Amino acid sequence: MSRAEVELLVIGGGITGAGIARDAAMRGLRTALVERGDLASGTSSRSSKLIHGGLRYLEQGEVGLVLEAAAERRTLRKIATHLAVPGRMALPIHGRTSAGLMKLRAGLWAYEKMARIAPEERHEIWKRDDTLDHVHGLEPQNLQGAAVYTEYVTDDARLTLETVKSAKRAGALVATYAPAVGIVEEAPAASTAGGTTARSPRLRVSINDDLTGRLHEVTARVVVNAAGPWVDAVRGLGGAAAPRMHLTKGIHLVVSRERLPVDDMIVMRAVDRRMVFVVPYGDIVWIGTTDTDYPRAVERPTITREDVDYLLEATNRTWPAARIGDDDVRGAWAGVRPLLHQEGKKPSEISRRDEILVEPNGLVSIAGGKLTTYRRMAERVVDAVVERLGNKAARPCTTGDVPLVDGETPVPIVRTSLSDADVAYAVDAECAVSICDVLERRARSNLFASGNGLPDVERVGGILARRLGWDERRLATEIEHYRARIAEDVAWRAARS
Ligand SMILES: Cc1cc2nc3c(=O)[nH]c(=O)nc-3n(C[C@H](O)[C@H](O)[C@H](O)COP(=O)(O)OP(=O)(O)OC[C@H]3O[C@@H](n4cnc5c(N)ncnc54)[C@H](O)[C@@H]3O)c2cc1C
């Protein structure tokens, strides 16, 4: 990508950058994407893994978000059937009267009309006894019943990977372990045979190749900053920029489904009345999330004792006999939400809307947003890019119609059992260059496999070593690094509640 000028350089290989690169390449723009670490190594492998229909934004009066989320959910189901899997979500209502349940029923009815929810996905109401039949062990006291509606489950990292692979298929150049480290404006005039002609300014971005230590320069007519929680940091690479982001942390716990045998996704109320989800998948369930201010952008925010206690309290209040304790937690993950700052709002009140910011040097940043609405958000950004380029030859957006790569051959959404061929494929076709890349994001073994992928670490390391030419020392360091990360995910256990 440093050899010839590109029309668009995208900084950030999370779902936002991936969606923009795919859209731009499919419209025929010369597109490149650089990612500081691995694809989806930021927030896009750390979400609740739900493609939300937007119902919860109704409570906040964000009708635009509701409609967009519901429409995008339908689109994702069309272009990536295997990564948008519908399931039932039950919201049990406890209270002295049935007023809460009736209010919810009216809200769902209005939502389904407004969001054009398909008849087979419309809600039902379970009476008290039906609820207890469906959700074993649920706290029966004051239970009025449950509202049951449809939500979709995804594998966030896999969605990102397949979006990047689709971008590559459409011609985008992709480099991982390649952080942007500087942005400068190029002289706005260029000389031609007949003298000097005016041309639109370019940005020159310095990119470090962390695998070789070499520095490269990429010249782009437009640069889009899709760095998620690092949006402000990347804006700062080209000169001072007033912060616009508000970062909040969310954690999840993974528990064996034997210990919490639920058939459907369940919504619980945390101690502060926030909604917390329990999502069953295969032999596990994940429980989350929290929403607390976090001071800085990091790949792996710290999981604290308070975070864990908050989720365990809600779980054990909802299923009093379950008595889920620290030792039942098989794994945990935490991520940082890249939200747009709104003065005076608490973390859970901040809007999940997105906004395009343009710096004086022309750098375009996309801030905020959700996994669910990434495709539509990318479409808006690429519309703005095409306008800035004045590119009349760009084709219209088709990302809502063309299936993602691998969408043709549905596989389980969360893959954990890995064959040798899967590992080789991750290296050859999916940009994996480390054990963590394979076990954490190509498979989700660190979170969902029994033993958190530790039983596979040497075999996977051996295949990578042969393919990538590692010596024994490098292999040993890689294995140790993976083991240390697994231990770090449950380090909060040291502080007993
Ligand atoms: C706990 C939690 C739960 C969530 N649950 C849901 C959910 O269920 N459904 C939903 O729709 N949304 C959910 N979200 C929101 C969603 O996950 C995010 O909106 C989305 O993943 C953000 O993607 P992104 O690409 O903008 O950021 P990221 O995924 O963080 O990607 C940004 C990338 O930029 C890279 N980068 C940074 N600096 C540089 C640089 N200098 N050079 C090159 N690359 C750089 C980073 O390494 C990173 O990979 C959740 C978020 C959290 C935290």
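Student: How far does a polar side-chain atom of Thr372 lie from an oxygen atom of the ligand?

Tutor: Good place to start, and keep in mind that this is a predicted model. A polar contact needs a pair of N or O atoms within 3.5 Å. Between the polar side-chain atom of Thr372 and the ligand oxygen, the distance is 2.7 Å.

Student: How much of the ligand's accessible area does the protein cover?

Tutor: Take the ligand on its own as the reference, with 1,000 Å² of accessible area. Of that area, the protein covers 97%.

Student: Which residue places a backbone N or O atom 2.9 Å from an oxygen atom of the ligand?

Tutor: Set aside Lys370 here, since its polar side-chain atom lies 3.3 Å from a nitrogen atom of the ligand. The backbone atom at 2.9 Å from a ligand oxygen belongs to Thr43.

Student: Which element supplies the largest share of the shell around the ligand?

Tutor: Let's narrow it down. α1 (15–26), β13 (245–256) and β18 (329–340) each give at least two residues to the shell. The largest share is 3 residues, and these come from β18.

Student: How many residues of the shell around the ligand are charged?

Tutor: There are 37 residues around the ligand, with Glu35 among those that come nearest. In the shell, 13 are nonpolar and 18 polar, while the number of charged residues is 6.

Student: Is His136 buried, partly exposed or exposed?

Tutor: His136 sits in the loop between α5 (128–134) and β6 (143–153). Buried means under 20% relative accessible area and exposed means over 50%. Because the relative accessibility of His136 is 46%, this residue counts as partly exposed.

Methods
Residues are numbered from 1 along each chain as its sequence is written. This is a predicted model: local features need pLDDT of at least 70, side-chain atom pairs count only at pLDDT 80 or more; totals for chains, interfaces and linings use all residues. Side-chain values use heavy atoms; hydrogens and water are left out. A residue is near a molecule or strand if one of its heavy atoms lies within 4 Å of it. A polar contact is a pair of N or O atoms within 3.5 Å; within protein, one must be able to donate a hydrogen and the other to accept it, and residues adjacent in sequence count only if both atoms are side-chain atoms. Accessible areas come from the Shrake-Rupley method with a 1.4 Å probe; for residues, only the protein chains shown count as cover. Helices (H or I, at least four residues) and strands (E, at least two) are DSSP runs, numbered from the N terminus. Ala, Val, Leu, Ile, Met, Phe, Trp, Tyr, Cys and Pro count as nonpolar, Asp, Glu, Lys and Arg as charged, and the others, Gly among them, as polar. Buried means under 20% relative accessible area, exposed over 50%, partly exposed in between (1.4 Å probe, protein chains only).
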